[in-house]
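Here's a walk through one protein model, taken a piece at a time. Keep the structure open while you read and look for each part as it comes up.

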Amino acid sequence: MPGTIAVGLDGTEHSLAAADWAATEASHRGSILRLVHAWTWRVPDAPIAMDPEEQQRWATGVLSEAETRVVKDRPGLPVTTQLLATDTVPALVAEAAVADMLVLGSRGHGTLVGNLLGSIALHVLRQATGPVVLVRNPSRGSAPGQPLDEVVVGTQDGEEADPVLGFAFAAAAVRGARVRAVRAWSIPPVFMWSPGSMWLADEAGGLDSFRKERLAVALRPWRERYPQVDVIEHVEIGSAAQVLLACSGRAVLMVVGRHVHGRLDVRRIGSVAHAVLHHAPCPVAVVPHS
C-alpha cells in the first residue's frame with residue numbers, strides 16, 4: 001500500500017515550493033501526495049475583509065492552484081486535496097501523525113526562528129509526532145563541479161538514533177544519493193567521565209577513534225538494510241550545528257532529530273535543529289524520537 005506525503009498550504013510561494021518538493025519526493029517513493037489547507041471562517045477585523053463564501057473560495061483556490069502546478073509535469077502522480085475545517089496548528093499536527101512526512105514551506109534566512117519558520121511551522125515542529133520537512137523557495141544552485149548528491153544526517157548514540165537514520169537512509173535510497181552520517185563531538189568535562197568510560201576510549205585508540213567506532217556500530221544495521229546506499233562516516237570535533245552546516249555544501253536534504261521525553265516537549269525544538277533550520281541552504285527534515 002503506498003504511503004502518503006502531506007503538504008500544508010497557505011497560498012504563499014513558500015508553500016508552493018514545499019508542494020513542488022513533496023511532489024518530487026512522492027514520485028520517487030511511489031507515494032500519494034496529500035495537499036491540505038486548514039480553514040475556518042473568522043469574523044473579519046476590517047470592513048474590506050472577505051465574507052465566508054469568498055474566504056472559502058480563496059481557500060479552495062489555494063488547493064486547486066497547487067494541484068494544477070504539481071501534476072503539470074507529473075501527470076501520473078496520485079494527488080488528493082482537502083480543506084480541513086479546524087485551526088491550522090492542530091490540523092497540521094494531526095496530518096504529521098498519520099502521514100509518512102509533513103512538508104511545509106519556510107521563509108528563508110532570518111534572525112529569529114519565528115521569522116524563519118513563521119509561527120505556524122514553529123508550533124507544528126514543536127508538537128509533531130512524525131517527521132516534518134521544511135522547504136525554502138528554491139534559489140540555490142550547486143557550486144561548479146559540486147553536485148547536490150548527499151543526504152546529511154546528524155547522529156547520536158543509542159537506539160533513539162534509529163528513526164533519524166532510518167529516515168535519512170530511505171531518503172537517500174529513493175534519490176540515488178549517498179548518506180553523510182555526521183558525528184560531532186567535544187572533549188567532555190572531567191567530571192562527566194568515569195574511569196570505565198576513559199578505559200573504553202583508551203581501548204578504542206583515543207576519543208576520536210572511540211566516536212568513529214560508535215558511529216560505525218550505529219550505522220551497521222542501516223548499511224545492511226540499504227546496501228545500495230553509499231555512506232560517508234564523518235566524525236569531527238566541534239559543535240553539532242557547526243559541523244552539520246559545514247557539511248551542507250552537497251546536501252540535497254539535511255536530517256536532524258528532535259528529542260522528546262515521555263510526552264512532547266512543546267517548549268523547544270532543540271538547539272541543533274534550531275540552528276540548521278536557520279542556516280542550512282537545503283530542505284531540513286526534523287524527525288522526533290524518544
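## Starting inside: Val256

Let's begin with Val256, which you'll find in strand S9 (residues 251-259). Buried or exposed? Val256 has a relative accessibility of 2%, and since anything under 20% counts as buried, Val256 is buried. Keep in mind that we're looking at a predicted model here.

Which residues does Val256 touch, if we skip those within four places in sequence? The contacts are Val164, Leu244, Val272, Ala273, Val276, Val284, Ala285, Val286 and Val287. There's also a pairing across the chain to check: Val256 and Val152 sit 104 residues apart in sequence, yet their C-alpha atoms are 8.7 Å apart in space.

## The sheet

Now zoom out. How many strands form the open sheet? There are 10, in the order S3-S2-S1-S4-S5-S10-S9-S6-S7-S8, and their pairing is mixed. Strand S3 (79-84) and strand S8 (231-237) are at the edges; each has a single partner strand, so one side of each has no neighbour in the sheet. On average, neighbouring strands are turned by 25 degrees against each other, direction ignored.

Here's one pair to trace by eye. Strand S1 (residues 4-8) runs parallel to strand S4 (residues 101-106), and 3 bridges join them. Ile5 stands opposite Met101 of S4.

## Strand S5, in the middle of things

S5 is worth a closer look. All of its residues, 5 of 5, are buried, so the rest of the structure largely encloses this strand. Val132, Leu134 and Arg136 point one way from S5, while Val133 and Val135 point the other way. Yes, that buried set includes Arg136.

Who are the partners of S5? With S4, the pairing is parallel and has 5 bridges; Ser106 stands opposite Arg136 in S5. With strand S10 (residues 284-289), S5 runs antiparallel, and 3 bridges join the two. There, Leu134 has Val284 of S10 as its bridge partner. You've met Val284 already, among the contacts of Val256.

## Helices across the strands

Next, two helices. Helix H2 (residues 52-72) lies across strand S2 (32-38) and S3, running at about 165 degrees to S3. Helix H3 (residues 88-98) lies across S1, S2, S3, S4 and strand S5 (132-136). Relative to S2, the angle of H3 is about 165 degrees.

## Two buried loop residues

Loops can hold buried residues here too. Ser31 is in the loop between helix H1 (13-29) and S2. Its relative accessible area is 4%, and with the buried cut-off at under 20%, Ser31 is buried. Not counting residues up to four places away in sequence, Ser31 touches Pro2, Gly3, Thr4, Ile5, Ala26, Leu77, Pro78 and Asp100. Ile5 is the residue that stands opposite Met101.

Then there's Arg74, in the loop between H2 and S3. Arg74 is buried yet has no salt bridge. Where's the nearest side chain of opposite charge? That's Asp20, 4.8 Å away, and a salt bridge needs the charged atoms to be within 4 Å. The side chain of Arg74 does reach the backbone oxygen of Val70, at 2.9 Å. Setting aside neighbours within four places in sequence, Arg74 is in contact with Asp20, Ala23, Thr24, Ser27 and Arg69.

Notes. Residues are numbered from 1 along each chain as its sequence is written. This is a predicted model: local features need pLDDT of at least 70, side-chain atom pairs count only at pLDDT 80 or more; totals for chains, interfaces and linings use all residues. Side-chain values use heavy atoms; hydrogens and water are left out. Two strands pair if DSSP finds at least two bridges between them. Helices (H or I, at least four residues) and strands (E, at least two) are DSSP runs, numbered from the N terminus. Axes are lines fitted to C-alpha atoms, for helices over the stretch in contact, and angles run from 0 to 180 degrees between N-to-C directions. Contact means heavy atoms within 4.5 Å. Buried means under 20% relative accessible area, exposed over 50%, partly exposed in between (1.4 Å probe, protein chains only). Lys and Arg count as positive and Asp and Glu as negative; His and the chain ends are not counted. A polar contact is a pair of N or O atoms within 3.5 Å; within protein, one must be able to donate a hydrogen and the other to accept it, and residues adjacent in sequence count only if both atoms are side-chain atoms.
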